[in-house]
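Biologist: I would like a close look at a single part of this model, taken slowly and with the terms explained as they come up.

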Amino acid sequence: MFAHRLEEDAPVRPGIDGKVAVVTGAGHGIGRASAWRLSTEGARVVVVDLDGDAARAVAASLPTDAVSVQGDVSQESTIDAYMEAGIDRFGRVDLHHLNAGISGSLAAIPDLTADDFDTVIGVNLRGVFLGLRAAFRHYRDREATGAIAITASIASLRGSADLLPYQTSKHGVLGLLHGGAVYGGPLGIRVNAVAPGIVPTELFAAAATASGGKNDMTIRASTTPLRRAGTPDDIAGVVLFLLSDDAAYVTGECVSADGGAAIVSSVRPSGGAGAWDFRAADQRMYG
């Protein structure tokens with residue numbers, strides 16, 4: 001079903017083989033790729049997604065034992081359910097990839113509704129908080145250590161005049177990252193994040209035809225130093241590293257995986273200065 005395969009003789013990543021990993025938003029995109037990478041390295045996986053059919057399909061296709069949980073990560077009952085599923089099936093949870101997220105509205109600031117804002121904050125920020133809290137509670141109860149990876153975004157590090165609820169939620173995720181890393185460090189628990197750039201996935205499907213949505217992702221990604229969009233596997237590789245023992249001395253870090261987009265100075269010729277019609281951009285935004 002998916003374009004992945006298990007290399008029988010490939011060495012496994014230290015600290016992954018035999019562990020139990022929760023991946024939220026694992027029915028599609030980055031989460032699905034992360035579940036695959038962790039599984040092919042020997043982890044048993046709790047696959048969590050709002051789309052229950054997709055979660056079950058991913059869990060059934062993984063090369064290691066897996067269980068699926070359907071639910072909305074903004075709800076405490078979902079976090080309780082996936083932790084219970086991991087403990088009931090495997091006895092514990094060692095690794096967490098808190099990945100679930102939604103894009104939200106592309107509307108201009110005056111046109112945003114409070115519901116638009118609250119819905120995105122609920123999934124992208126509250127959901128990460130609840131997952132982080134559940135992980136720490138479980139580690140405390142077991143007197144154990146582990147590792148947590150959060151999906152942040154280039155929107156955590158930069159600003160734009162559109163996609164405001166998403167951008168705000170991803171800025172907030174960095175606060176959870178830093179607080180979690182400082183709290184977890186003395187306990188031997190590492191917390192890190194990956195900040196993807198443009199990765200065309202189902203996340204932006206609802207805005208498939210909008211400027212700044214899915215339809216122009218490839219064109220926008222061509223302005224990065226690597227001149228291409230990222231893939232879910234590109235991001236999953238970073239998550240795998242952050243959750244592995246190869247990153248044993250890394251915590252509190254937000255690792256950009258964006259083709260170099262975040263380092264570009266847009267006012268230099270090499271950054272595309274003067275290569276666009278800003279009046280057309282202003283017209284779309286301000287009318």
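Biologist: In which helix does S34 lie?

Modeller: S34 lies in helix α1, residues 29-40, where helices (H or I, at least four residues) and strands (E, at least two) are DSSP runs numbered from the N terminus. This is a predicted model, in which local features need pLDDT of at least 70 and side-chain atom pairs count only at pLDDT 80 or more, while totals for chains, interfaces and linings use all residues. Residues are numbered from 1 along each chain as its sequence is written, and side-chain values use heavy atoms, with hydrogens and water left out.

S34 counts as buried because its relative accessibility is 1%; buried means under 20% relative accessible area, exposed over 50%, and partly exposed in between, with a 1.4 Å probe and protein chains only. When its neighbours within four places in sequence are left aside, S34 is in contact with V23, H97, A236 and V239, contact meaning heavy atoms within 4.5 Å.

As for the wider setting, the largest nonpolar core has 35 residues, and V46, Y82, I148, I150 and V191 are those with the most contacts inside it; such a core is a set of buried Ala, Val, Leu, Ile, Met, Phe, Trp, Tyr and Cys residues joined through side-chain atoms within 4.5 Å. Among the elements that give two or more residues to this core are β1 (20-24) and β2 (44-49), and α4 gives the most, with eight residues. Apart from it lies another core, of 28 residues, including A26, I30, A59 and I235.
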